[in-house]
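The following exercises are to be worked through with the sequence and the structure in view. Each task is followed by a solution in steps.

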Amino acid sequence: MTKYKVAEHKTIRAKKRDFLFLSAEKTIFEMDPPTRDLLGRWSEAGEATREEVTAWLTDLSEAERDELLEGLLARRAITPANGAAPQQAPHVHASDAKIPLKTLILHVTEACNLRCTYCYQAATADREARGVEQAMSREVAQRAVEFLFEHAGPLEEVVIVFFGGEPLLNFEIIRFVVGLATEKAQEAGKRVRFALTTNGTVLTDEIVRFLDEKGIGVTVSMDGNQNVHDRYRHFPGGRPSYEIILPKVKRLLERPHSRPVVARVTVVEKAGRVREILRHLIGLGFLEAGFAPVTTGHSDFQLDDAAMDQLLQEFKGLATEFVEAAQEGRFLGFSNLIDLLVSLHQGEVMNYPCGAGLGLFSVDPEGRLFLCQRFTGQEGFRMGGVFEGFDHARLTRFRQDAEISKKEACKECWARTICTGGCYHEACVREGSHLKPNLHYCAWIRKWGEVGLQAYCEIAAERPEFLDMLSVSRGYPLQADGPFEQERGGSNEEE
C-alpha cells in the first residue's frame with residue numbers, strides 16, 4: 001500500500017491566513033484550516049497511506065476528503081514516500097543547442113574615468129599585455145547587432161545593454177548601435193530594448209536628451225550620499241566624484257522618461273545605512289535602487305558575517321516598509337525585494353541562476369563572446385565570437401556542468417529554486433569556481449527568502465493586484481490566473 005509524505009515546504013502565516021510554499025515547485029498556495037491542520041499532522045507523522053489520512057478527516061464528507069487529497073496530489077503538496085519527489089519540467093535543458101539569444105551586453109569601451117577602489121573590472125591578463133584600453137569599433141558593433149538578430153530565433157523582443165568601462169565615453173558607438181538595431185528590429189518584425197549602466201560623470205544635455213528620446217533604461221552606479229559615495233568612488237588621484245555626478249544626475253532625473261532611471265549601490269564594509277541610502281536616492285528622483293554586497297576576495301572591502309547580518313536587518317526593515325506601502329497602494333523602489341517578489345509571483349523553476357551562457361552573453365571590444373559582463377576578458381569564460389560564432393563545445397560543457405542538479409549542496413536546500421546556487425562570478429571569487437554554489441551566502445539567502453515569502457503572502461492576502469503590477473513592471477504579461485491558489489476554496493481567516 002503506497003505511503004505518502006508532505007513535500008518539502010515552508011508555511012507562512014500572514015494576516016491571519018495560512019500559506020504553503022512548495023520548494024521544488026516554487027509555488028505558493030493559500031490553505032484553509034482543514035488543509036493546514038492536515039498537512040501539519042501529516043508532517044508530524046512523516047508518512048501515511050491514503051486510508052490512514054482519510055481516517056484523520058472525520059469532520060469532512062467523503063466527497064470533501066477525496067477533493068482535498070486529489071488537490072494535494074495534483075499540486076504535488078504530497079508525494080510518494082518511497083521515491084523521489086516529481087520535479088517540474090526544467091526551464092531549459094543543457095542539450096538545447098538552439099536556445100534563442102535574448103540579450104547582448106556590449107562592452108563598448110574598456111576605459112573608465114573613475115578608479116573605484118572595489119571595482120571587479122580589474123585588468124585582465126590580455127589587457128595588461130596590450131597596455132591599452134580598447135573601444136569597440138563600428139565594424140564590431142555592427143556585427144554584434146547582426147549576430148543578435150541572427151540568433152534571436154522566434155523571440156519577439158531582444159535586449160542590448162551598453163556596458164564598460166564607462167560606456168558613455170564611446171557615445172558615438174552607442175548612437176550608432178541604437179539606430180542600426182532599431183532598423184534591424186523593424187526589418188525582423190521584432191522589438192528591441194536598450195539599457196545602459198553609467199557612473200554619471202559624463203552625462204550632458206545632449207546625451208540625456210538622446211537617452212530619453214530613444215527610451216533607453218538607465219542604471220546609475222551611485223552608492224549613497226556624499227560621504228558614503230566618495231569613500232570608494234573617485235577619479236584617478238583620489239578626487240571625489242559625488243559633486244561632479246550630482247548636477248548631471250539631477251538633469252537626467254528631472255526629465256520625464258519612458259523608461260525608469262534606477263540606482264545601483266555597492267555595499268562595502270558597513271551595511272547599517274541601507275535604509276538611509278535608499279531614502280536619499282529616491283529623494284533625488286530615482287524610481288528604484290538595488291543593493292549588492294561588493295564582490296571581492298579582499299578582506300578590506302568584503303562584508304564579514306556581522307556586516308551581512310546587519311545587511312539582513314536593513315533589508316528586513318525595508319521589507320516591512322515595502323509591505324506597508326503596498327497595502328496603501330504606494331510604491332517603494334527597493335529593487336532587491338521587488339525582484340524576489342516577482343520571481344515568486346512568476347513561479348518559474350530554473351535550472352540556472354541567471355541567463356548567463358543561455359540567452360545572455362557579453363561582447364568585448366574585439367567581438368569576443370563571454371559568459372556575462374563580469375567575466376568579460378577572461379579567456380576561460382570565452383564562448384566564441386560574433387564573427388566566428390558560438391563555441392558550441394565549450395557552451396554545451398558549461399550548460400551541463402552548471403545545472404543546479406550538479407550542485408550537491410543545493411539538493412537538500414529548501415531555497416534552491418529561489419537562488420539556484422547563486423551568481424557564477426561571486427562563486428568564482430569567493431568559492432574558487434563558478435560551478436560551486438555560494439556556500440558563504442547560503443544561510444543568508446535562506447533568511448532573505450523567508451523575509452520575501454512573508455512579504456509576498458502579506459501582500460497577497462490584501463492587495464494581490466499589487467503583485468501583478470510588480471510583474472508587469474518587470475516585463476511579464478498580466479496573468480489570467482493568480483500566482484497562488486486557495487485549497488478547497490473559501491476564506492480561511494480565523495478570528
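**Exercise 1. Disulfides**

How many disulfides does the count come to in this predicted model? Give the reasoning for C112 and C116.

*Solution.*

Step 1. A disulfide is a covalent bond between the sulfur atoms of two cysteines. The rule applied here requires the two sulfur atoms to lie within 2.5 Å.

Step 2. For the sulfur of C112, the closest cysteine sulfur belongs to C116, at 6.2 Å, which is too far for a bond.

Step 3. Starting from C116 leads back to C112: its sulfur is the closest one to that of C116, and the 6.2 Å between them is again too far for a bond.

Step 4. By this rule the count is zero disulfides.

Step 5. The surroundings of the two residues may be added. C112 is partly exposed, at 24% relative accessible area, whereas C116 counts as buried, at 14%.

**Exercise 2. The order of the sheet**

Determine in what order the strands of the open sheet are arranged, and which strands form its edges.

*Solution.*

Step 1. The sheet has 10 strands in the order 12-11-10-9-8-7-13-14-15-16, with mixed pairing.

Step 2. Its edge strands are strand 12 and strand 16 (389-390), each of which pairs on one side only.

Step 3. Strands of a sheet pair through backbone hydrogen bonds, either parallel or antiparallel. One parallel pair is strand 7 (residues 103-107) with strand 8 (residues 157-163), joined by five bridges. In this pair, L104 stands opposite I160 of strand 8.

**Exercise 3. Strand 10 and its neighbours**

Establish why strand 10 (residues 217-221) is described as largely enclosed, and identify the strands to which bridges join it.

*Solution.*

Step 1. Four of the five residues of strand 10 are buried, so the strand is largely enclosed by the rest of the structure.

Step 2. Strand 9 (residues 191-198) runs parallel to strand 10, and four bridges join the two. T198 has V220 of strand 10 as its bridge partner.

Step 3. Between these two strands the chain passes through helix 7 (residues 205-213), and the resulting β-α-β crossover is right-handed.

Step 4. Strand 11 (residues 261-267) is also parallel to strand 10 and is joined to it by four bridges. Here V218 stands opposite V261, and S221 has R264 as its bridge partner.

**Exercise 4. From strand 11 to the surface**

Which strand pairs with strand 11 over six bridges, and where does L287 lie?

*Solution.*

Step 1. Strand 11 is mostly covered, with six of its seven residues buried.

Step 2. The strand that pairs with strand 11 over six bridges is strand 12, in the parallel sense. V267 has P293 in strand 12 as its bridge partner.

Step 3. Together with helix 10, strands 11 and 12 make a right-handed β-α-β unit.

Step 4. L287 lies in the loop between helix 10 (274-284) and strand 12 (288-293). With a relative accessible area of 41%, L287 is partly exposed.

Step 5. Residues need over 30% relative accessible area to belong to a patch. L287 joins F331 and M469 in a nonpolar surface patch, and the three have about 240 Å² of accessible area together.

Conventions
Residues are numbered from 1 along each chain as its sequence is written. This is a predicted model: local features need pLDDT of at least 70, side-chain atom pairs count only at pLDDT 80 or more; totals for chains, interfaces and linings use all residues. Side-chain values use heavy atoms; hydrogens and water are left out. Patches are made of residues with over 30% relative accessible area and no salt bridge: like charges are joined within 9 Å, nonpolar side chains (Val, Leu, Ile, Met, Phe, Trp, Tyr) within 5 Å. Accessible areas come from the Shrake-Rupley method with a 1.4 Å probe; for residues, only the protein chains shown count as cover. A salt bridge is a side-chain nitrogen of Lys or Arg within 4 Å of a carboxyl oxygen of Asp or Glu. Buried means under 20% relative accessible area, exposed over 50%, partly exposed in between (1.4 Å probe, protein chains only). Two strands pair if DSSP finds at least two bridges between them. A crossover is right-handed if, with the strands pointing away from the viewer, the path from the first strand over the helix to the second runs clockwise.
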